[in-house]
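Work through the exercises below with the sequence and the coordinates open. Each task is followed by a solution in steps.

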Amino acid sequence: MDKQSMRMYVLKSLVSLFFHLEDVNPKVSKSSWDTLFTAAALLGWTEIQPLIQRKETWKICEWLLMRNRRRADDFLIESLVYIESPQDPIREAAVRFIGLAARQIEDQNEEKLHKLCSILNDLLLDQKPSVSTLASQTLLILKVTWNQPAAGCTLGTLFTACLTFCRGV
């Protein structure tokens, strides 16, 4: 029973650990990597441990989201806090994570897409160009992923539709 409780606690800590892998403080970053490795061992996730050792951040993210597909919505909600981080690398990681997590959500409704677009729209004005550019790219990807275009749709019309949709949020 204690091990099951511990597993649930560890699962709830994964998103926070993931974002602090990118922390600008090297001690925090190293501690997060070490803790993530230990958490994977506790959860019995031996297949992710080599990715952690090689510090393959985005492969780890994809693996976590695929392995915990039912928690993707929870992960997405937990990640929203990090788009307000004062640290540029953490905000950038949050935008990437949101894009990856949103594609895993099974309940892809219009209201949820509008909320995500609104959040990402706010980041289009971020002081860090890499964050604002990534937010723009993520907006387009989400629109395409959640609403597959009809056959014969050109890239130009798709781009225009995406911009129109996201500006209307």
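The exercises deal with a predicted model and cover a cavity, a pocket, a surface patch and two single residues.

**Exercise 1. The cavity**

Find how many cavities of 30 Å³ or more the structure holds, and state which residues line the largest cavity.

Solution.
- Step 1: count. The structure has one cavity of 30 Å³ or more.
- Step 2: volume. The largest cavity contains about 40 Å³ of space.
- Step 3: lining. Its walls are formed by Leu14, Val15, Phe18, Cys61, Leu64, Leu65, Phe75 and Phe97.
- Step 4: elements. Helix 1 (2–20) and helix 4 (57–67) each contribute at least two residues to this lining.
- Step 5: class. Eight residues of the lining are nonpolar, with no polar and no charged residues.

**Exercise 2. The pocket**

Describe the largest pocket by its volume, its lining and the classes of the lining residues.

Solution.
- Step 1: volume. The largest pocket measures about 160 Å³ in volume.
- Step 2: lining. Ten residues line the largest pocket, and those nearest its centre are Asp73, Ile77, Lys112, Lys115 and Leu116.
- Step 3: elements. At least two lining residues come from each of helix 5 and helix 7 (110–123). Helix 7 gives the largest share, five residues.
- Step 4: class. The lining of the largest pocket consists of five nonpolar, one polar and four charged residues.

**Exercise 3. Tyr9 and the surface patch**

Is Tyr9 buried or exposed, and which residues form a nonpolar patch with Tyr9?

Solution.
- Step 1: place. Tyr9 belongs to helix 1.
- Step 2: accessibility. The relative accessible area of Tyr9 is 59%. Exposed means over 50%, so Tyr9 is exposed.
- Step 3: patch. Met6 and Leu42 join Tyr9 in a nonpolar patch on the surface. Together, Met6, Tyr9 and Leu42 have about 310 Å² of accessible area.

**Exercise 4. Asn68**

Where does Asn68 lie, is Asn68 buried or exposed, and how many residues apart in sequence are Asn68 and Leu11?

Solution.
- Step 1: place. Asn68 sits in the loop between helix 4 and helix 5 (72–79).
- Step 2: accessibility. Asn68 has a relative accessible area of 10%. The cut-off for buried is under 20%, so Asn68 is buried.
- Step 3: separation. Asn68 and Leu11 are 57 residues apart in sequence. In space, their C-alpha atoms are 9.3 Å apart.

Conventions
Residues are numbered from 1 along each chain as its sequence is written. This is a predicted model: local features need pLDDT of at least 70, side-chain atom pairs count only at pLDDT 80 or more; totals for chains, interfaces and linings use all residues. Side-chain values use heavy atoms; hydrogens and water are left out. On a 1 Å grid over the protein atoms alone, a cavity is a set of points where a 1.4 Å probe fits but cannot get out, and a pocket is an open set with protein on both sides within 12 Å along at least five of seven lines; lining residues have an atom within 4 Å of a point. Grid points are joined across faces, edges and corners, and a volume is the space filled by probe spheres set on the points. Helices (H or I, at least four residues) and strands (E, at least two) are DSSP runs, numbered from the N terminus. Ala, Val, Leu, Ile, Met, Phe, Trp, Tyr, Cys and Pro count as nonpolar, Asp, Glu, Lys and Arg as charged, and the others, Gly among them, as polar. Patches are made of residues with over 30% relative accessible area and no salt bridge: like charges are joined within 9 Å, nonpolar side chains (Val, Leu, Ile, Met, Phe, Trp, Tyr) within 5 Å. Accessible areas come from the Shrake-Rupley method with a 1.4 Å probe; for residues, only the protein chains shown count as cover. A salt bridge is a side-chain nitrogen of Lys or Arg within 4 Å of a carboxyl oxygen of Asp or Glu. Buried means under 20% relative accessible area, exposed over 50%, partly exposed in between (1.4 Å probe, protein chains only).
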